[in-house]
Amino acid sequence: MKKKNAAENTVEDVKAVQYETLNDLPRETRAELIDLLNQRLADGVDLQAQTKQAHWNVKGPSFIALHELFDDIDEAVEEYVDLIAERIVQLGGIAEGTVRVAASRSRLDEYPLTISTGIAHVEALSRALSEFGHGVRLAIDEASGFGDADTADIFTEVSRGIDKWLWFVEAHIQASS
């Protein structure tokens, strides 16, 4: 019998191994929230890797400013990923945060690997931050619809942070002449 790798696990597999908790949200609601959180977790892990890609490969006159900015964003995204993953576990789920799972589930566009200029990385990272922010804002509404203000609050915190980082990155291309 072929052994499944982590990326082959289905949502049903995860629901089947959900841990018991005294959290008063109904089990079915928690299962839906765990699915929602794991999707945002996959996107967050991908965003973190894309941010590091920009950090490592940026070139040009704004190198040091962008190199340091991208590193700061990476550290912030790591905190958002941790918040999301910990909420999954609080709800009795399994945080599915491996690189392979993130690669198979992320809804973010692929980051261009051959770019090098500061402007190109600013544009690419702006798109990634915007995509992730959009997904997180949708998740705020979904979590609220499930009656889980705590998860909605986590997503709201992440959304505020992502909007700030998007502003910092986009500022490099918004100056008028």
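This text walks through the helices of the structure, then how some of them pack, then a group of aromatic rings and two loop residues.

The model is predicted. The protein has 6 helices and 0 strands. Read from one end of the sequence to the other, the pattern is α-α-α-α-α-α. The protein has 177 residues, and 45% of them are buried.

Begin with helices H5 and H6. Helix H5 covers residues 118-145. Helix H6 covers residues 149-170. The two helices pack with their axes 9 Å apart, at an angle of about 160 degrees. Angles over 145 degrees count as roughly antiparallel, so H5 and H6 are roughly antiparallel to each other. The crossing of H5 past H6 is left-handed. What classes of residue make up the contact of H5 with H6? The contact has 15 nonpolar residues, together with 7 polar and 3 charged ones.

Now turn to helix H2, which spans residues 27-57. H2 also packs with H6. Here the angle is about 20 degrees, and the axes lie 12 Å apart. An angle under 35 degrees counts as roughly parallel, so H2 runs roughly parallel to H6. H2 passes H6 in a left-handed crossing. H6 thus has a roughly antiparallel partner in H5 and a roughly parallel one in H2.

Next, look at the aromatic rings. Rings count as a pair if their centres lie within 6.5 Å. By this rule there are 2 aromatic pairs. One of them joins Trp165 and Phe168. Their ring centres are 5.3 Å apart, and the planes meet at 85 degrees. Planes over 60 degrees apart count as edge-to-face, so the pair of Trp165 and Phe168 is edge-to-face.

Where do these two residues sit along the chain? Both belong to helix H6, 3 residues apart, which means that about one helical turn separates them. Are they buried or exposed? Trp165 is buried, with a relative accessible area of 9%. Phe168 is partly exposed, at 30% relative accessibility.

Phe168 also pairs with Trp167. The centres of these two rings are 5.0 Å apart. Their planes stand at 55 degrees, so this pair is tilted. Trp167 is exposed, with a relative accessible area of 54%. The ring pairs link Trp165, Trp167 and Phe168 into a cluster. Within that cluster, Trp165 is buried, Phe168 is partly exposed and Trp167 is exposed.

Trp165 has a further neighbour. Lys164 lies over the face of the Trp165 ring. The distance from Lys164 to the ring centre is 4.4 Å.

Two loops complete the tour. Gly147 is in the loop between H5 and H6. Gly147 is exposed, with a relative accessible area of 55%. What separates Gly147 from Thr29, in sequence and in space? The two are 118 residues apart in sequence, yet their C-alpha atoms are 8.7 Å apart in space.

Leu113 is in the loop between helix H4, residues 99-105, and H5. Leu113 is exposed too, with a relative accessible area of 60%. Along the chain, 60 residues separate Leu113 from Gln53. In space, 7.9 Å separates their C-alpha atoms.

Key. Residues are numbered from 1 along each chain as its sequence is written. This is a predicted model: local features need pLDDT of at least 70, side-chain atom pairs count only at pLDDT 80 or more; totals for chains, interfaces and linings use all residues. Side-chain values use heavy atoms; hydrogens and water are left out. Rings of Phe, Tyr and Trp (its six-membered ring) pair if their centres lie within 6.5 Å; planes under 30 degrees apart count as stacked, over 60 as edge-to-face and the rest as tilted. Helices (H or I, at least four residues) and strands (E, at least two) are DSSP runs, numbered from the N terminus. Buried means under 20% relative accessible area, exposed over 50%, partly exposed in between (1.4 Å probe, protein chains only). A charge sits over a ring if NZ of Lys or CZ of Arg is within 6 Å of the ring centre and within 35 degrees of the ring normal. Axes are lines fitted to C-alpha atoms, for helices over the stretch in contact, and angles run from 0 to 180 degrees between N-to-C directions. Angles under 35 degrees count as roughly parallel, over 145 as roughly antiparallel, 65 to 115 as roughly perpendicular and the rest as oblique. A crossing is left-handed if the near helix is turned anticlockwise from the far one by less than a right angle, and right-handed if clockwise. Ala, Val, Leu, Ile, Met, Phe, Trp, Tyr, Cys and Pro count as nonpolar, Asp, Glu, Lys and Arg as charged, and the others, Gly among them, as polar.
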